[in-house]
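Okay, everyone settled? I've got one structure to walk you through today, so let's put it on the screen.

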Amino acid sequence: VTVYLVGAGPGDPGLLTRRGAELLARADVVVHDRLIDHELLELAPNGAELIDVGKVPGASPAQAGITALLIELGRTGQEVVRLKGGDPFVFGRGGEEAEALGDAGVDFEVVPGVSSAFAAPAAAGIPVTHRGLATSVTVVTGHVGDPSAPGGVDWASLGRAGGTLVVMMGMSERARIADELLRSGRQATTPVAVVHWATTERQQVVRTTLGGLAAVDLPAPSVIVVGAVAGLDLGALVGEGGPAGQGGPSS
Ligand SMILES: C[S@@+](CC[C@H](N)C(=O)[O-])C[C@H]1O[C@@H](n2cnc3c(N)ncnc32)[C@H](O)[C@@H]1O
């Protein structure tokens, strides 16, 4: 194998998998996203080449250039780590990279990561499923322009289905998302939590309701959790009491 598509986890470097750390420690080249913690890049050997292919949110994605780079590097026979935020196969375009590598005949391996879809709620003390409150969880993109969601997301049926909704990349569309869910029959009093920069020292959690979501002013990266479980706060589950500012259940 020459190219490893490695999930970096949601932010806290401690949430990288052991397999990911092993591969980083022997990488010749690390091709990484913009939001990757520098502590993770320091796991690579001193002489390793670090390439930041970070994309500015909303800017035209240079995805074709990234896959071309991975193919080119893969063909050199070097150990290439493609380090991606969260899990490479959860809204990370890792699938496209894997497809392109496969088509080009370049060997690759996928190393799953802890996705922010689940880590962000957990870090805010929210279990995405919970006896008596939610028997399902749906992870959805809030970014209408997302090419992985042709035809858009069917908010009306998501709203009717109940259960927990985890919306990624949804902050810029939060007013529309709230509106769609309200029109589908969800109550304005439905608990909502917005978790910004989960598992890092920049973590912030805002608790509100579906009726109040439009007024929440947190930038990306943030995850929106909608449903009864968003009203729970079972304490920070990451690290000792969680990152600074996110103490125990009382915070
Ligand atoms: C392009 S997606 C990548 C998701 C990634 N593959 C994963 O599994 O977490 C980027 C979105 O993930 C979410 N996200 C990633 N890291 C986050 C974090 N530490 N805290 C909150 N949301 C995060 C945000 O919704 C952000 O807009």
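Let's start at P221, which sits in the loop between β9 (204-209) and β10. When I say helix or strand, I mean DSSP runs, H or I of at least four residues for helices and E of at least two for strands, numbered from the N terminus. The peptide bond leading from A220 into P221 is cis, with omega near -5°.

Before I go on, a bit of housekeeping. This is a predicted model, where local features need pLDDT of at least 70 and side-chain atom pairs count only at pLDDT 80 or more, while totals for chains, interfaces and linings use all residues. Residues are numbered from 1 along each chain as its sequence is written, and side-chain values use heavy atoms, with hydrogens and water left out.

Okay, what touches P221? L35 does, and L35 also touches W197, leaving aside residues up to four places away in sequence; contact here means heavy atoms within 4.5 Å. L35 itself is in the loop between β2 (29-32) and α2 (38-41). It's partly exposed, at 42% relative accessible area. On that scale, buried is under 20%, exposed is over 50%, and partly exposed is in between, using a 1.4 Å probe and protein chains only. The C-alpha atoms of L35 and G54 are 7.3 Å apart, with their positions 19 residues apart along the chain.

W197 belongs to the loop between β8 and β9. It's buried, with a relative accessible area of 12%, and its phi is near 50°, a positive value in a residue other than glycine. You get that again at R93, where phi is near 65°. R93 is in the loop between β4 (80-84) and α4 (94-103), and it's partly exposed at 25%.

Now step along to S222, which is in strand β10. Is S222 buried or exposed? It's buried, with a relative accessible area of 9%. What does its side chain reach? One polar contact goes to the side chain of H196, at 3.2 Å, and there's the backbone oxygen of P219 at 2.6 Å. By polar contact I mean a pair of N or O atoms within 3.5 Å; within protein, one must be able to donate a hydrogen and the other to accept it, and residues adjacent in sequence count only if both atoms are side-chain atoms. S222 also touches residues further off in sequence, including V167, M169 and V194.

Let's look at the whole strand. All five of the five residues of β10 (residues 222-226) are buried, so the strand is largely enclosed by the rest of the structure. In a regular strand the side chains alternate between the two faces of the sheet. Here, S222, I224 and V226 point one way, V223 and V225 the other, and all are buried.

Who are the neighbours? Strand β8 (residues 191-196) pairs with β10 in the antiparallel sense over five bridges; two strands count as paired if DSSP finds at least two bridges between them. In that pairing, V194 stands opposite I224. Then there's β7 (residues 164-168), also antiparallel to β10, with four bridges. Its M168 partners V223, and its V166 partners V225.

β7 is covered as well. T164, V166 and M168 on one side and L165 and V167 on the other are all buried. Strand β6 (residues 137-141) pairs with β7 in the parallel sense, over five bridges, and V137 stands opposite T164 there.

On to the ligand. Which residues come nearest? Of the 16 around it, they're P10, V90, S115, S116 and our friend S222, where being near means one heavy atom within 4 Å. A polar side-chain atom of S116 is 2.7 Å from a ligand oxygen. A polar backbone atom of V90 is 2.7 Å from a ligand nitrogen, and a backbone N or O atom of G85 lies 3.0 Å from a nitrogen of the ligand. Taken alone the ligand exposes 570 Å², and the protein buries 85% of that; those areas come from the Shrake-Rupley method with a 1.4 Å probe, and for residues only the protein chains shown count as cover.

Last, the overall view. The chain has seven helices and ten strands, and buried residues make up 46% of its 251 residues. Okay, over to you for questions.
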